[in-house]
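User: I have a structure open on my screen and would like to learn how to read it. Could you walk me through a few features, one at a time?

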Amino acid sequence: MFVRPPRTARDLPDRPRLDCLPDAAATVDAIRNTAWASELLNLADEILTRRIPLFGYTIATGIVTQWRRDPIGGRETPPDYFRRVPFMDTTRAGDHKIIWELNRHQHLVVLAQAYRLSDREEFLSEIRAQLESWFEQNPFGRGINWTSALEVAFRALSWIWIYHLAGEGLGSATRAQLREGLYQHGCHLEFNLSVYYSPNTHLLGEALALFAIAHAFPELPRSAEWRKSGAGWMESQLEAQVRPDGSYFEQSTYYHVYALDMLLFYALLAKPGPAFFDRLRQMARYLWALLGPAGAIPCLGDDDGGRLFHPYGERRQFGRASLAACAVLLETEPFPCAPEDVAPLAAWWIGPRAMERAQPGWRVWQGTELFRDAGVAIVSRGDGQSIVDTRAFGWGNAGHGHAHALSLVERKGDREILIDPGTYIYAADVKWRDRFRGTAAHNTVRVDGRDQADPAGPFAWRNFPSTRVIEWSGDPNGPFLEAQCSNRGIVHTREFFWLAEERWVIVDQVDGPSGDVEHVVEQFWHFATEAERGLLCCSEPVERLEGDESGWWSPVFGQKQPVPVYRARRRGTLPMVLAAAFDPLGGCKTVQVDDAAIEIEMIDDSKLRVPRGDR
């Protein structure tokens, strides 16, 4: 629905600061001499030259930014009514994700923060210039930057922060322009919430922005309605999108951080009831378990490269800042809260008491736990961590899930050993989109060269497998997991035995119709570097894949780099049984398996026997 808002917002009383957010001067005093503040000022200086970091790129926007243009592909769409813009057609509109990321205006928040840290007027001048060109090129409801309500929401949140941090210096004219723009964004969001199309982080982000606009500017027309609607959606979607074990329902660890940040910021503004905070605690606990020995998020499922606030720096460390904010807000919880993790987010959202709460160093979650709603088992012992995703496919059409049921990620200290490939690309390249989310790109089993489900466009799957956990023992002396993935008449059962000294063994049994029909069963192993290859041995001959079958890793959305991938393969009739053994010291030489036991021969010729069967 298209609504033309009355031009009344500019005429409302002028307020140079927002009382609903922490005092910026106190925050600046608390972080002024930190390494993070120096990094932010360097980033702001680069932005002044119109060089803006987006994902893994640095975009040179030129003297006048062309806000509707794909800065990499060069395509630009006209300022047509937003529903007529073919934003999903890359041949006509370019890569909308790149365009939208720039139009979130999060780089302008960096300039506002830098102004508060330095009092340099050129940061204000640049904010004014970019805002003026944006308003000129993007009239209300027209053009690609109005086609996604979530992007409207992100931009509105950026403008609120710009207003709060730099409003006094920007002057009354720019403040009036921002108020008018925020009113237009609120009107757009009110009638374009993703209730039916994407009721996931899209709906969360949109409801958050609608609430935040109303909360920051209660004098705007319809603010009371926006506040009520935004709060209603945020609190109902907490129950709908976050499972009781704290995991996010799309089965994406990166989107878990997105959702946690959105819900956390809402909690800071709205101060909801105890049940809301209880669910935040569960989300934070699950995140802490995922982050592992180096505090790095394992990107199971989609990783879109963005962030609710300050999407700069080491992306795999973003979860640490979210967890630090939870540590400050949920004061009774033992979550780690290092100073370098407080500065990017909690210091601005909560104020200087966040820096006061900080304690040096990263503390690793230790334990063995199956998060049953997520179907994710985490075994963290010493400086080693194993993560198994038995479920893989999340809510709805599993648009942000990957076909990696029963896959494993392995880390030791700050080393990645067995990796998840990441995402690389969304709708701009179908071939690479499907390759990165396909079964062969993960540390699991593929049968007859087919993914565990069939891609149905860039954000959907069909013909899902059924998955289940058969048995779990969290005994710290010997954790055990047995889980199953079934589809197209094929049943893959995987057993995980975690042994002493951070060793583990995997047994894969593939069953199906009896008869003489031959099947091809492949075990895939994706390593961070070639040096990690010697830590794993398999019951079948292993070959390194090259050429079209070579392995890839995407450290950030939009970029990819080669990594070694190995495959153990058998052809024959079902059932088939394959095994693999891991030793963090590289001590295993061979592994054999039968119905009774697994036998591992070590390089010193000693043998380790692991019983199977009844447990």
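Analyst: Happy to; we will go through sheets, cores, aromatic rings and a few single residues. One thing to keep in mind from the start is that this is a predicted model.

User: Let's begin with sheets. What is the strand order in the open sheet of six strands, and which pairing does it have?

Analyst: For a sheet, read the order of the strands and then the sense of the pairing. Here the six strands run E11-E12-E13-E14-E21-E16, and the pairing is antiparallel.

User: Which strands stand at the edges of that sheet?

Analyst: The edges are taken by strand E11 (466–473) and E16; each has a single partner strand, so one side of each is left without a neighbour in the sheet. Neighbouring strands here are turned by 15° against each other on average, direction ignored.

User: How many bridges join E16 to strand E21?

Analyst: Three bridges join E16 to E21 (residues 576–582), and the two run antiparallel. To find one on screen, look for Cys538, whose bridge partner in E21 is Ala580.

User: What does the open sheet of three strands look like, in terms of order and pairing?

Analyst: Its order is E22-E23-E24, again with antiparallel pairing. Strand E22 (588–593) and strand E24 (607–611) have a single partner strand each, so they stand at the edges with one side lacking a neighbour in the sheet. On average, neighbouring strands of this sheet are turned by 15° against each other, direction ignored. Between E22 and strand E23 (residues 597–602) there are five bridges in the antiparallel sense. Thr590 has Glu601 in E23 as its bridge partner.

User: Now a single residue inside a strand. Is Thr493 buried or exposed?

Analyst: For a single residue, ask where it sits, how accessible it is and what it touches. Thr493 lies in strand E13 (residues 490–498). Its relative accessible area is 11%, so Thr493 is buried. The Thr493 side chain makes a polar contact with the side chain of Gln484 at 2.9 Å. Beyond its neighbours within four places in sequence, Thr493 is in contact with Ile470, Glu482, Ala483, Gln484, Val507, Asp508 and Gln509.

User: Let's turn to the nonpolar cores. How many residues has the largest one, and which have the most contacts inside it?

Analyst: The largest nonpolar core has 139 residues, and Leu280, Trp348 and Trp349 have the most contacts inside it. Helix H7 (residues 149–170) gives the largest share of this core, with 15 residues. Try centring your view on Leu280: leaving aside neighbours within four places in sequence, Leu280 is in contact with Leu260, Leu263, Leu264, Ala267, Leu329 and Leu330. There is also a second, separate core of 22 residues, which includes Val379, Leu481, Phe496 and Leu535.

User: How do I read aromatic rings, and how many aromatic pairs are found in the whole structure?

Analyst: The general idea is that a pair of aromatic rings is described by the distance of the centres and the angle of the planes. A search of the whole structure finds 38 aromatic pairs. Take Phe527 and Tyr566: the ring centres are 5.9 Å apart and the planes are at 80°, so the pair is edge-to-face. This pair links distant parts of the chain, 39 residues apart, with Phe527 in the loop between strand E15 (519–526) and strand E16 (536–538) and Tyr566 in strand E20 (residues 565–572).

User: Are those two rings' residues buried or exposed?

Analyst: Phe527 counts as buried at 1% relative accessibility, and Tyr566 counts as buried at 10%. For a group of rings, look at Trp134, Phe135, Phe140, Trp146 and Trp159, which form one aromatic cluster.

User: Where is Asp383, and what does it touch?

Analyst: Asp383 is in the loop between strand E4 (376–381) and strand E5 (384–389). Its relative accessible area is 36%, so Asp383 is partly exposed. Not counting residues up to four places away in sequence, Asp383 touches Pro293, Arg411, Lys412, Gly413 and Glu502.

User: And what about Ala327, is it buried or exposed?

Analyst: Ala327 lies in helix H13 (residues 318–329) and counts as buried, at 0% relative accessibility. Outside its neighbours up to four places away in sequence, Ala327 touches Phe335, Pro336, Cys337 and Arg357.

Definitions and conventions: Residues are numbered from 1 along each chain as its sequence is written. This is a predicted model: local features need pLDDT of at least 70, side-chain atom pairs count only at pLDDT 80 or more; totals for chains, interfaces and linings use all residues. Side-chain values use heavy atoms; hydrogens and water are left out. Two strands pair if DSSP finds at least two bridges between them. Helices (H or I, at least four residues) and strands (E, at least two) are DSSP runs, numbered from the N terminus. Axes are lines fitted to C-alpha atoms, for helices over the stretch in contact, and angles run from 0 to 180 degrees between N-to-C directions. Buried means under 20% relative accessible area, exposed over 50%, partly exposed in between (1.4 Å probe, protein chains only). A polar contact is a pair of N or O atoms within 3.5 Å; within protein, one must be able to donate a hydrogen and the other to accept it, and residues adjacent in sequence count only if both atoms are side-chain atoms. Contact means heavy atoms within 4.5 Å. A nonpolar core is a set of buried Ala, Val, Leu, Ile, Met, Phe, Trp, Tyr and Cys residues joined through side-chain atoms within 4.5 Å. Rings of Phe, Tyr and Trp (its six-membered ring) pair if their centres lie within 6.5 Å; planes under 30 degrees apart count as stacked, over 60 as edge-to-face and the rest as tilted.
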